[in-house]
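Trainee: I have a model open and want to read its architecture. Can we go through it piece by piece?

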Amino acid sequence: MTVPRLVVAAPASGSGKTTVATGLMAAFAERGLAVSPHKVGPDYIDPGYHALATGRPGRNLDAYMCGPELVAPLFAHGSAGCELAVVEGVMGLFDGVSGEGELASTAHVAKLLKAPVVLVVDASSQSRSVAALVHGFASFDPQVRLAGVILNKVGSERHEQLLREALEEVGVPVYGALRRAPQVATPSRHLGLVPVAERSAGAVDSVRAAAEMVREGCDLEGLLALARTAPPLDTERWSAPSHAPAGDRPVVAVAGGAAFTFSYAEHAELLTAAGADVATFDPLHDEQLPEGTAGIVIGGGFPEVYAAELSANVRLRKHVAALAHGGAPVAAECAGLLYLSRSLDGQEMCGVLDADARMSGRLTLGYREAVAVSDSVLAPAGARMRGHEFHRTVMEPGAGPAPAWGMRLPQPRVEGFVQQGVHASYLHTHWAARPDVAARLVDRCR
């Protein structure tokens, strides 16, 4: 397959790559190009802005959770029929899984995609030193094709001139110089950017401002020409395997809305291919589950921000609890775990689990190797999966009599709850790596 593509990277987090990548996606989409948006790593929030910019689902490319062998096939699946793909990196260009070298870094994914890299550099506190910085990144790994730079937070025309002159010395092309622009800033809170679903008009304005900034400050024709130099990818396109037997299709209700925004696009595709009819519901506003619901999937998000509103929707909480206590399959990750608890910061939740949740001052963050401790609707005991934790809440207790997962890092522990048809845990997983998870869940729904 041949899809023109660029990887937008940075020397470090906070350099502005999300603004630049989203602005590029929106600017090219405004020109009428079909743009495929992608994000390196497990992040759920940036892909929401990417989807707003392009009108297509934002998709993740995670070489740890899905394995390096699935990166190119998942990219091919997401970019099918597109004229350009823009891949936003994660952290610094060469930052990967702790202790695992380049694994899951932006550089690793760029090599797997054979894609040119454009480095977004925060130039606000430097001039000629930018050449040393960029030269170091360009020469660190010869297999990574660092093809150009976009200068961000440039102070003036004179500042831009000094930066461009310095980069001429190391032979790295400059594809853009962007001034400081507070109107494109995206609000943040305890886990990062505020998701698109919560900002509505504000998110649209931010994406529009980013596109305008990129149009004015970047060489879009040059970047498109650079993307077209990417060689063909020798890969098969990923597709959700079909497990659907003849007969009725059970309804799987998937939580959405402002409180539950964390979901990978492939999960709904896998459920559908496994024979389910996927129906979304909003626990903030819907008082009933979709008609005929046979199973529930409640992903991540920010229920702690909406605890009072979630608690006030008593009818839905009782409906969810009745279905769970009746043995229906319920798969809950992170925010879903909190929603199923007895209480969250003192607000009454569904009461499916004999546990209480509260906000804490400590961030739990990182990739995890997990093994299923208990047989569940998602996996048989002993099954291994890779996942990611990202939360500032704690559950007391942290595991039930039948825990969901056993993990070795950051310390040996068991975590989560398996009871009747419920599987609830803090661990975020990417089912593309284990399609049997979706198939098992839908089979249990039958």
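Mentor: Begin with one bridge. This is a predicted model. In E21, Glu333 has Ser425 as its bridge partner.

Trainee: In which sense do strand E13 and strand E21 pair?

Mentor: E13 covers residues 330-333, and E21 covers residues 422-425. Four bridges join the two strands. Their sense is parallel.

Trainee: Which strands are the edges of the open sheet that holds E13 and E21?

Mentor: The sheet has six strands, with mixed pairing. Their order is E11-E10-E12-E13-E21-E20. An edge strand pairs on one side only. That gives strand E11 (277-281) and strand E20 (417-419).

Trainee: Which helix lies across E10, E11 and E12, and at what angle to E11?

Mentor: Strand E10 spans 251-255, and strand E12 spans 293-298. The helix across them and E11 comprises residues 265-273. It is H10, at about 140° to E11.

Trainee: Now the other sheet. Which strands stand at the edges of the seven-strand open sheet?

Mentor: The order is E3-E2-E4-E1-E5-E6-E7, and the pairing is parallel. Each edge strand has a single partner, so one side of each is left without a neighbour in the sheet. Those strands are E3 (59-61) and E7 (174-179).

Trainee: What is the bridge partner of Val7 in E5?

Mentor: Strand E1 (residues 5-9) runs parallel to strand E5 (residues 117-122). Three bridges join them. In E5, the partner of Val7 is Val117.

Trainee: At what angle to E2 does helix H2 run?

Mentor: H2 comprises residues 45-54. The helix lies across strand E2 (35-40), E3 and strand E4 (84-88). Its angle to E2 is about 170°.

Trainee: Why is H3 called roughly perpendicular to H4?

Mentor: Helix H3 (residues 71-79) and helix H4 (residues 106-113) pack with their axes 9 Å apart. Angles of 65 to 115 degrees count as roughly perpendicular. The two helices fall in that class because their angle is about 70°.

Trainee: How many residues of the contact of H3 with H4 are nonpolar?

Mentor: From H3 come Val71, Ala72 and Phe75. They meet Val109, Leu112 and Leu113 in H4. No polar and no charged residues take part; the nonpolar ones number six.

Trainee: Which helix gives the largest share of the largest nonpolar core?

Mentor: That core has 111 residues, with Ile150, Leu151 and Leu271 making the most contacts inside it. Leu271 touches Val252, Val278 and Val297, among others. The largest share is seven residues, from helix H1 (residues 17-30).

Conventions. Residues numbered from 1 in each chain as written. Predicted model: local features only at pLDDT ≥ 70, side-chain atom pairs only at ≥ 80, totals over all residues. Heavy atoms only, no water. Axes fitted to C-alpha atoms, helices over the stretch in contact; angles between N-to-C directions. Parallel < 35°, antiparallel > 145°, perpendicular 65-115°, else oblique. Contact = heavy atoms within 4.5 Å. Nonpolar A, V, L, I, M, F, W, Y, C, P; charged D, E, K, R; others polar. Pairing = 2+ DSSP bridges. Core = buried A, V, L, I, M, F, W, Y, C linked by side-chain atoms within 4.5 Å. Buried < 20%, exposed > 50% of the residue type's maximum accessible area, 1.4 Å probe, protein only. Lists of a residue's contacts leave out its neighbours within four places in sequence.
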